[in-house]
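Open the model in your viewer and keep the sequence panel beside it. The stops below each say what to select and what is found there.

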Amino acid sequence: MAADVDVLALFADALKNEEFLVYYQPKVSLRNYRLAGAEALVRWKHGDSFIFPDQFIPQLEQSGDICELDFYMLDHVCASLRHWLDQGHHLFKVSVNLSRAHLRDENLVDRIVQTIDNHNVPHEYIEIELTETTTDVGFAELRKVISGLHAQMISTSVDDFGMGYSSMNLIRELPWDVLKIDKCFLPKSENDHRQYVMLKHIISLAQDIGLDTIVEGVETIEHVKMLKENNCFLAQGYFFDKPLPIEEFEKRLD
Ligand code: C2E
Ligand code: CA
Ligand code: CA
């Protein structure tokens, strides 16, 4: 079974054989309930079974191989974006996850730009999600990357905001475009007053300093109601869609 897979031994061949698939989870506008973006999420199809990210990403992060996988994902996303643009679809940003392991790469921004430009995709269609959950802050490296992407008109979002050691400094100091609020901020019940107040003020703080906001892990109609009440009009979660294989996702494009 998947859990027994020796990730590091199989990785190089799996990458070469394109066993890694790009799934797309829709981001939905809460103004008109239409598709307003998507997040690319990796799935590993090994033989007949699927291996989910939590079973291989941590090991790839430790070995550093995650960097190759992230560029493989970005490359595949750009190829699809070019294809969809050529077909005349009405498009939006697609976000790609980037592990923090990349921050050690001096040429990271150039490599990202080159990958996007290789496919002749306008930069405005790409968003890079970076988590804020790790403690090895490396603030100088992070600043260089976020500012570099900003200068190239490539959007960046603070992923999993609220899950780790959220630092206001991180948000105040760097030119992020989007605050992606983790599902842990969604109240568990109507009486969860403390959580509701925090969610409300985080959304309004982010928006007041010019960041777009999205909440992920939206699973219920109550969540949707709560976000609209608090002026957050972008959502991602099982209430709308699970991450979809590309053939399914393409059916949603206008
Ligand atoms: P993430 O970036 O926070 O991605 C969101 C995760 O939440 C996805 O899990 C998604 O399937 C799941 N999710 C979406 N909607 C809901 C919901 O309504 N409720 C709940 N409970 N979960 C929901 P997934 O695809 O298993 O990915 C897990 C993590 O693996 C991602 O978390 C991300 O950190 C990492 N990951 C996935 N693909 C990549 C990749 O290409 N590169 C890197 N570096 N990391 C990746
Ligand atoms: Ca993400
Ligand atoms: Ca996330």
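Start by selecting Glu39, which counts as buried because its relative accessibility is 4%. Bear in mind throughout that this is a predicted model.

**The first calcium ion**

Keep Glu39 on screen and add the calcium ion (ligand 2). Which residues coordinate this ion? Glu39 does so through OE, together with Asn97 (OD1), Glu129 (OE) and Asp159 (OD), at 2.2 to 2.3 Å. Along the chain, the donors of ligand 2 follow the spacing E-x57-N-x31-E-x29-D. Glu39 belongs to strand 2 and Glu129 to strand 5 (residues 126-131), so this pair ties together parts of the chain 90 residues apart in sequence. Now select Glu129: its relative accessible area is 1%, so Glu129 is buried as well.

**The second calcium ion**

Next, select Asp159 and show the calcium ion (ligand 3). How far apart are the calcium ions, ligand 3 and ligand 2? They are 3.8 Å apart, and Asp159 coordinates both. The protein donors of ligand 3 are Asp159 (OD), Asp160 (OD) and Glu216, the last of which is listed twice through OE. These donors lie 2.2 to 2.7 Å from the ion. Their spacing along the chain is D-D-x55-E. Asp159 sits in strand 6 (residues 155-161) and Glu216 in strand 8 (residues 212-216), and the pair links distant parts of the chain, 57 residues apart. Are Asp159 and Glu216 buried or exposed? Both are buried.

**Strand 1 and its partners**

Leave the ions and select strand 1, residues 20-29. This strand is mostly covered, with nine of its 10 residues buried. Its pairings can be taken one at a time.

- Add strand 2 (residues 35-46): strand 1 pairs with strand 2 in the antiparallel sense, over nine bridges. Pick Lys27 to see one of the bridge partnerships; its partner in strand 2 is Gly37.
- Look at the hairpin between these two strands, where five residues separate strand 1 from strand 2. Select Tyr33 there, which takes a positive phi near 60°.
- Add strand 10 (residues 244-245), which pairs with strand 1 in the antiparallel sense over two bridges. Tyr24 stands opposite Leu244 of strand 10.
- Add strand 9 (residues 234-236), which runs antiparallel to strand 1 and is joined to it by two bridges. Here Val28 stands opposite Ala235 of strand 9.

**A patch on the surface**

Turn on the surface and select Met168, Leu205 and Ile209. What do these residues make? They make a nonpolar surface patch of about 290 Å². Met168 is found in helix 6 (residues 168-173).

**Last stop: Gln59**

Finally, select Gln59 in helix 2 (residues 57-63). With a relative accessible area of 34%, Gln59 is partly exposed, because the buried class ends at 20% and the exposed class begins over 50%. Which residues does Gln59 contact, leaving aside its neighbours within four places in sequence? They are Val7 and Leu8. Then draw a distance from Gln59 to Asp6, C-alpha to C-alpha: 9.8 Å in space, for residues 53 apart in sequence.

Technical notes. Residues numbered from 1 in each chain as written. Chains lettered and ligands numbered in written order. Predicted model: local features only at pLDDT ≥ 70, side-chain atom pairs only at ≥ 80, totals over all residues. Heavy atoms only, no water. Donors = N, O, S within 2.8 Å, 3.2 Å for Na, K, Ca; no water. Helix = DSSP H or I, 4+ residues; strand = E, 2+ residues; numbered from the N terminus. Buried < 20%, exposed > 50% of the residue type's maximum accessible area, 1.4 Å probe, protein only. Pairing = 2+ DSSP bridges. Patch = residues over 30% accessible without salt bridge, like charges linked within 9 Å, V, L, I, M, F, W, Y side chains within 5 Å. Areas by Shrake-Rupley, 256 points an atom, 1.4 Å probe, with all protein chains shown as cover. Salt bridge = Lys/Arg side-chain N within 4 Å of Asp/Glu carboxyl O. Contact = heavy atoms within 4.5 Å.
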